[in-house]
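Visitor: I would like to walk through this model with you and ask how its labels are earned. Shall we begin?

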Amino acid sequence: MNPYILTVLLLGLGLGTTITFASSHWLLAWMGLEINTLAIIPLMTQHHHPRAAEATTKYFLTQATAAAMLLFASTINAWLSGQWEIQQMSHPLPIAMVTIALALKIGLAPFHAWLPEVLQGLDLTTGLILSTWQKLAPFALLLQLQPINPAMLTVLGLLSTLVGGWGGLNQTQLRKVLAYSSIAHLGWMILVLQTAPSLTLLTLLTYFVMTFSTFLIFKLNKATTINTLAASWTKAPALMSLAPLIFLSLGGLPPLTGFMPKWLILQELTNHGLAPTATLAALTALLSLYFYLRLSYAMTLTASPNNLIGTAPWRFTSMQSSLPLAIAASTTMLLLPLTPSITTLLPT
């Protein structure tokens, strides 16, 4: 892609998210979401592949539906209360409609079916943007919505953690595994959205760092399937020995960074008398941990079936800069001892 066009599209992504962040009016927030969607669509179709075109079409239809529902809900709220302010929603009907629209935008279960299919049709760089940056604007709106029905949030959160863990079990495509991983992590964030919004933000930022390092590992090895990943250890042995730790951090295994948000969320749920919800969330985390262990097992203890005409991955050196990956990987694995310091920074 032409670098000038790429720069304009990336600036459009930043502008759309910034407008949504800065808005207190529903029309302005909707405008920022639309700018964000229109800016990423050319990035999704830049390779002119049929799967990319199909993924872009699915993404556009889904986001347009969610945006239309958001606009309809804000109009109903203005009709009922005479207010267009985001924080002035009081009627349960528009609040429920906005919550469903934003859940559809970020891919919460049961509105998740588009996310694995769209992510599967994209290259790893655009998939990284879709999995991280595109979540910021809807979450900014979710954090401003008060009060949301707690029962609705609990159902969405538990269903997302269950679907995210269950859906990733039999996947061989790495992008679909990351899509279901995203759904499961979003469920954890939604569970404490009402009681501890700062903890939701911490979980979102931790998920961004872990996903960033995982995508960079796949991009370095040009890996899109588990078999390709299993054959990539000869290309960067030191990195591939650390990659299972990154996957296990995504699964929330101590003593890695990914354990920190799950630990704090379970503690918060228990403190608010939601021990059954915390127990169910912890049990669904075992499903996610299983397919991360499966990836780690495939990388370290198996050899991928290769034919004689296949290209050996270690013959080609990667031109990717290793500094962002090194920083992201270190953060993904080593932040857990700083948990007391991080919790003191969170507003009570």
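Visitor: Why is Thr284 called buried?

Guide: Happy to explain. This is a predicted model, in which local features need pLDDT of at least 70, side-chain atom pairs count only at pLDDT 80 or more, and totals for chains, interfaces and linings use all residues. Residues are numbered from 1 along each chain as its sequence is written, and side-chain values use heavy atoms, with hydrogens and water left out. Buried means under 20% relative accessible area, exposed over 50%, and partly exposed in between (1.4 Å probe, protein chains only). Thr284 has a relative accessible area of 10%, so the label is buried.

Visitor: What makes Thr161 and Leu162 contacts of Thr284?

Guide: Contact means heavy atoms within 4.5 Å. Leaving out residues up to four places away in sequence, Thr284 touches Thr161 and Leu162. Thr284 itself is found in helix α14 (residues 275–300); helices are DSSP runs of H or I with at least four residues, numbered from the N terminus.

Visitor: Why is the salt bridge between Glu54 and Lys58 called that?

Guide: A salt bridge is a side-chain nitrogen of Lys or Arg within 4 Å of a carboxyl oxygen of Asp or Glu. For Glu54 and Lys58 the closest N and O atoms are 3.0 Å apart, so the pair qualifies. Both residues sit in helix α3 (residues 50–81), four residues apart, or about one helical turn.

Visitor: How do you know that Glu54 and Lys58 are partly exposed?

Guide: Glu54 has a relative accessible area of 43% and Lys58 one of 30%. Both values fall between the two cut-offs, so partly exposed is the label.

Visitor: What makes Lys176 and Glu117 a salt bridge, and which helices does the pair tie together?

Guide: Their closest N and O atoms are 3.5 Å apart, so the 4 Å limit is met. Lys176 lies in helix α9 (residues 174–191) and Glu117 in helix α5 (residues 114–120), so the pair ties together parts that are 59 residues apart in sequence. Glu54, Lys58, Glu117 and Lys176 are linked in a network of salt bridges.

Visitor: Why is the aromatic pair of Phe291 and Tyr292 called tilted?

Guide: Rings of Phe, Tyr and Trp (its six-membered ring) pair if their centres lie within 6.5 Å; planes under 30 degrees apart count as stacked, over 60 as edge-to-face and the rest as tilted. Phe291 and Tyr292 are 4.7 Å centre to centre, with 50 degrees between the planes, so they form a tilted pair.

Definitions and conventions:
Helices (H or I, at least four residues) and strands (E, at least two) are DSSP runs, numbered from the N terminus.
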